[in-house]
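Visitor: I would like a close look at one part of this structure, the place where the two domains of a chain meet. Please take me through that contact and then show how it sits in its surroundings.

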2 protein chains.
Amino acid sequence: MAFTFQMNHSIKFNHDEGLLKKAELLTPPLINKEKKLVRLGELTKDITKFEGWTIKTLDMKIDDKEYKKDDSLILDFGNHYVGRFAIDINSVGSPMDAPLYIRLRFAEVAAELSHESEEYDGWLARGWIQEEFIHLDELPTLLSLPRRYAFRYVEIKVLDTSPKWSVVFSNPRLITESCVDSDNLPFPKIEDMELAAIYQVGLKTLEDCMTDVFEDGPKRDRRLWLGDLRLQALANYESFKQNDLVKRCLYLFGAMTTEDGRISANVFTKPYPIPDDTFLFEYSLFFISVLHDYLAQEDDEELLGDLYPIAKKQINTSLTYIQEDGKVCADESYPVFVDWSTEFDKTTCLQAIMIYVLRQFIELAQKAGDFGITEYYESVLDKLVNYSKNNLFDSEKNLFKTEKVEYNIASQVWMVLAGVFPKEMNRKIMMTTIEKLFPIKNIATPYMYHHVTEALFVAGLKEEATELMKNYWGQMIRLGADTFWEAFDPDKPDYSPYGSPIISSYCHAWSCTPVYLISKYLHREE
Amino acid sequence: MAFTFQMNHSIKFNHDEGLLKKAELLTPPLINKEKKLVRLGELTKDITKFEGWTIKTLDMKIDDKEYKKDDSLILDFGNHYVGRFAIDINSVGSPMDAPLYIRLRFAEVAAELSHESEEYDGWLARGWIQEEFIHLDELPTLLSLPRRYAFRYVEIKVLDTSPKWSVVFSNPRLITESCVDSDNLPFPKIEDMELAAIYQVGLKTLEDCMTDVFEDGPKRDRRLWLGDLRLQALANYESFKQNDLVKRCLYLFGAMTTEDGRISANVFTKPYPIPDDTFLFEYSLFFISVLHDYLAQEDDEELLGDLYPIAKKQINTSLTYIQEDGKVCADESYPVFVDWSTEFDKTTCLQAIMIYVLRQFIELAQKAGDFGITEYYESVLDKLVNYSKNNLFDSEKNLFKTEKVEYNIASQVWMVLAGVFPKEMNRKIMMTTIEKLFPIKNIATPYMYHHVTEALFVAGLKEEATELMKNYWGQMIRLGADTFWEAFDPDKPDYSPYGSPIISSYCHAWSCTPVYLISKYLHREE
């Protein structure tokens with residue numbers, strides 16, 4: 001997740017120290033595994049890969065060569081990892097009569113190494129570019145970088161030695177940082193090789209986004225977003241089952257609400273928990289979804305007792321946006337996200353998401369024993385559903401429309417997920433969607449593709465859902481992905497949302513969901 | 001000292017562990033003093049200063065401003081220092097949603113900040129440029145840089161924050177590193193204000209070049225050169241009297257000779273003592289001079305016993321370059337330095353330096369009780385002197401000529417310093433030099449200017465020597481120097497020998513000698 005900037009400095013937050021303490025106690029230990037260099041590589045043109053670049057294997061060892069000014073090498077660790085980097089460096093020739101000056105670049109995908117950071121002029125902070133300039137005054141030395149990077153490739157460029165000596169590198173290694181280890185996870189039997197590969201890459205994506213919280217991207221953003229958490233948690237239940245991490249994240253969000261009770265769209269955890277001053281309407285509501293989904297996995301009365309009042313506060317805040325006739329009205333100060341695209345009308349999605357979450361909330365209320373209020377929320381739900389059926393559904397077209405009378409894919413998808421109609425009707429709506437609104441255009445996030453795919457599954461269109469997964473996530477793999485990306489538009493495979501791949505995240509949590517989709521809808525088959 | 005590159009990888013060195021141990025035991029403790037920020041500054045045009053730049057004082061405090069992308073500030077510590085830098089950094093505004101990315105540049109003189117490192121394309125290693133690019137993932141933090149820098153000014157440029165927050169800086173400090181402290185040194189009474197200023201700046205130059213050895217330049221080169229040591233030691237005897245440091249340096253050179261007995265022109269001390277594979281004819285010989293000068297300060301029979309054989313080896317090696325007629329013949333494989341300039345014939349300088357050092361060696365031999373050989377060396381000395389008088393001195397012109405029949409300043413200077421003629425004759429030679437060969441042209445090193453000045457003093461031309469000091473070292477001060485520079489040509493005051501001031505050293509040991517010259521020839525007046 002990354003989004004346009006909101007700045008709300010004046011908003012004050014509560015800090016519930018009791019809940020923060022519970023979050024802290026749930027901090028998982030990190031697993032650190034040493035990964036050795038697999039091979040040296042060379043940046044090479046390949047039109048079949050992302051942006052036309054790949055890393056070709058070089059038939060040489062790292063210490064085969066003495067490096068001088070302007071020489072460079074590319075280390076290939078064979079897969080995507082998140083962690084710290086270290087390498088031994090020495091000089092050969094005359095005594096070292098000047099500092100060694102080197103540049104290191106860490107890349108998740110080959111294309112990043114084809115761009116120079118000086119050229120980057122986007123709106124996202126250039127501090128995210130994984131590039132370091134290092135002086136070493138004394139050799140030999142072990143260069144052990146203090147920062148964490150997300151990478152498969154490390155390019156080292158010698159900016160200068162002196163004419164009198166050269167530099168030699170040896171024993172590069174990376175120490176991983178994750179709270180889970182896919183090596184210890186039995187891989188499910190997936191007959192379809194393509195789906196097996198998609199599952200595998202999704203699992204690696206999820207693994208590399210799990211540290212002391214569910215991060216959205218280990219290269220860029222590196223924080224806990226509530227909308228991303230919802231999807232990561234679903235994938236986690238189907239794989240690592242690190243359910244305490246979900247619980248920790250729920251406590252983090254629940255512990256830091258605004259003075260008027262709203263939950264921030266994301267939180268930072270370093271150096272200590274800090275809620276961001278960004279608010280998204282449905283992200284606040286998804287606190288309910290995450291809690292609901294967690295409690296489907298675990299009986300946890302303490303958690304429910306702690307967080308139910310906060311969940312209720314979210315639903316009550318959102319109810320103030322519902323008109324008398326049952327229409328949910330968005331507000332610019334509390335925007336709805338749905339997808340990065342701002343080119344489609346999201347009013348019907350908002351209506352559907354409200355229904356989706358309210359259903360989950362009513363379940364929570366019952367679990368929490370808050371029976372007295374159920375009737376009221378059921379009546380609100382009816383009103384929302386009735387408004388949707390009567391005012392938004394176009395029975396001639398067999399599609400939902402929006403306030404601006406748009407028939408967009410996202411509206412159908414969320415109305416299906418919200419279960420406004422029964423399964424057979426949903427099937428018809430999604431069939432119509434495929435027939436009339438497909439192919440998907442102008443959607444670039446795996447986040448929205450996830451919802452489209454899940455809606456197809458929910459509507460019983462298993463083959464179509466599978467085909468979409470293969471066309472979308474599968475296409476990233478064909479383009480060279482080791483982990484799934486923050487953004488991908490199959491129509492514009494080389495598109496970088498921030499103008500340069502050096503700032504994009506190529507391991508992004510909200511794209512890990514094939515782990516969940518395959519497990520739930522294909523693997524756990526009757 | 002810095003010089004063209006010699007590469008002699010195949011030369012093998014002896015390592016006398018006994019002498020190295022003695023050198024190690026003489027390592028002085030470093031004095032670390034904290035220096036606070038004096039003021040903020042701004043780079044400003046000033047045609048009266050070096051390269052037309054100065055730092056104007058800004059009437060604001062460091063925490064008066066919140067810094068955003070592309071903002072920068074210049075810290076002025078009020079004087080030149082050698083040490084480490086630290087600063088507190090925090091963010092203000094929304095939570096810190098991206099790493100802070102900053103660039104730090106450390107400058108000895110204002111002009112350095114007017115140049116960008118990307119533009120540098122010289123032959124000296126760009127690793128010397130005092131510039132760092134730093135990512136900080138978490139704020140607040142104490143940024144404490146691990147490397148040592150030589151600087152008065154620190155420029156911090158914010159390369160990026162994010163649109164959501166700004167950065168604030170506070171409490172910048174530097175921790176000095178020197179083995180001496182001029183604050184604890186009584187300042188001599190020097191009536192002439194101009195000379196007092198020259199002495200003061202010379203003393204700061206020497207102080208900032210004294211760490212675990214006598215360094216040539218704390219910004220660039222950072223090592224022990226034998227020719228520079230000779231001058232530093234002389235200035236040290238007149239000021240800090242840190243004589244054990246001279247002794248340590250003598251042991252370092254003496255401990256690591258080539259298999260054929262020669263002493264390297266310079267040694268490195270980190271991570272452990274390493275002799276460079278650069279050899280200069282008179283630098284090897286100056287081992288004798290430094291030993292001779294040290295023993296004029298200290299009775300040290302152990303040192304003499306340890307190092308006399310090594311001194312003798314140097315003189316004996318050099319004797320092989322003397323022809324039957326008494327002429328010293330240079331050899332490309334063992335070049336003579338005299339000055340950076342390669343535009344004048346150095347043959348007569350070489351002859352004179354040989355005489356200068358041989359006289360000192362004969363004194364050493366007597367001190368060492370090596371009486372049996374004195375007569376032989378005296379005869380060689382006579383032959384050298386006679387050749388000089390008969391073949392090199394032009395009595396009509398009253399000047400020494402060279403093999404290529406050049407009448408250059410350096411030849412006169414070194415022949416006077418060598419005492420080939422008595423004082424009255426030397427006076428005439430230097431008077432003629434002033435009349436016929438001055439003004440000095442194409443000499444850019446304070447090293448050679450030192451010898452010219454001392455020759456004037458030795459010849460009894462005190463006023464002329466004083467005037468030269470004021471015109472040369474005084475002019476650096478008028479151009480803004482806090483310490484004296486590696487190179488300076490009064491005819492080309494903006495000249496940077498490596499094409500850019502960012503690579504030049506503006507605190508360079510061989511320029512500290514006014515401390516010695518003023519003390520010996522003016523202050524210690526009859």
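Guide: Between domain 1 of chain A and domain 2 of chain A there are 10 residue pairs in polar contact, with both residues of each pair at pLDDT 80 or more. On the side of domain 1 of chain A that touches domain 2 of chain A, the residues divide into 11 nonpolar, seven polar and 11 charged. The model is a predicted one, and every value here is computed from it.

Charged pairs also cross this boundary. Side chains of opposite charge can pair when their charged atoms come close. Three salt bridges are counted between domain 1 of chain A and domain 2 of chain A. A salt bridge joins the side chains of D482(A) and R152(A), with 3.1 Å from N to O.

The domain assignment places residues 15-27 and 201-521 of chain A in domain 1, and residues 30-176 in domain 2. Domain 1 of chain A is thus written as two segments, 15-27 + 201-521. Taken over C-alpha atoms, the centres of domain 1 of chain A and domain 2 of chain A are 37 Å apart. In terms of contacts, 29 residues of domain 1 of chain A meet 30 residues of domain 2 of chain A.

The size of an interface is often given as the accessible area lost when the parts come together. For domain 1 of chain A and domain 2 of chain A, the buried area is about 2,600 Å², and 61% of it is on carbon and sulfur atoms. Within domain 1 of chain A, the residues that lose the most area to domain 2 of chain A are K219(A), D482(A) and I502(A), which together account for 24% of what that side buries. D482(A) therefore appears twice in this account, once in that group and once as the salt-bridge partner of R152(A).

Next, the salt bridges elsewhere. Over all chains, a search of the whole structure finds 82 salt bridges. One pair is R39(A) with D76(A), whose closest N and O atoms are 2.9 Å apart. This pair ties together parts that are 37 residues apart in sequence, because R39(A) lies in strand 2 (residues 39-45) of chain A and D76(A) in strand 4 (residues 72-93) of chain A.

A small part of the strand layout can be described as well. Strands 10, 11 and 12 of chain A form an open sheet in the order 10-11-12, with antiparallel pairing. Its edge strands are strand 10 (224-225) and strand 12 (274-275) of chain A, each pairing on one side only. Strand 10 of chain A pairs with strand 11 (residues 266-268) of chain A over two bridges, and L224(A) has V267(A) of strand 11 as its bridge partner.

Chain A also meets a second chain. Here 45 residues of chain A are in contact with 46 residues of chain B, and the area buried between these chains is about 3,500 Å², with 57% from carbon and sulfur atoms. Eight salt bridges are found across the interface of chain A and chain B; in one of them the side chains of R147(A) and D137(B) meet at 2.7 Å, N to O. The elements giving two or more residues to the side of chain A that touches chain B are strand 6 (131-136), strand 8 (149-160) and strand 12 of chain A. Strand 6 of chain A supplies the largest share, four residues. By class, that side of chain A has 20 nonpolar, 10 polar and 15 charged residues.

How values were computed:
Residues are numbered from 1 along each chain as its sequence is written. Chains are lettered from A and ligands numbered from 1 in the order in which they are written. This is a predicted model: local features need pLDDT of at least 70, side-chain atom pairs count only at pLDDT 80 or more; totals for chains, interfaces and linings use all residues. Side-chain values use heavy atoms; hydrogens and water are left out. Domain bounds come from an automatic or database domain assignment. Contact means heavy atoms within 4.5 Å. Buried area is the accessible area (1.4 Å probe) that two parts lose on being put together, summed over both. A salt bridge is a side-chain nitrogen of Lys or Arg within 4 Å of a carboxyl oxygen of Asp or Glu. A polar contact is a pair of N or O atoms within 3.5 Å; within protein, one must be able to donate a hydrogen and the other to accept it, and residues adjacent in sequence count only if both atoms are side-chain atoms. Ala, Val, Leu, Ile, Met, Phe, Trp, Tyr, Cys and Pro count as nonpolar, Asp, Glu, Lys and Arg as charged, and the others, Gly among them, as polar. Two strands pair if DSSP finds at least two bridges between them.
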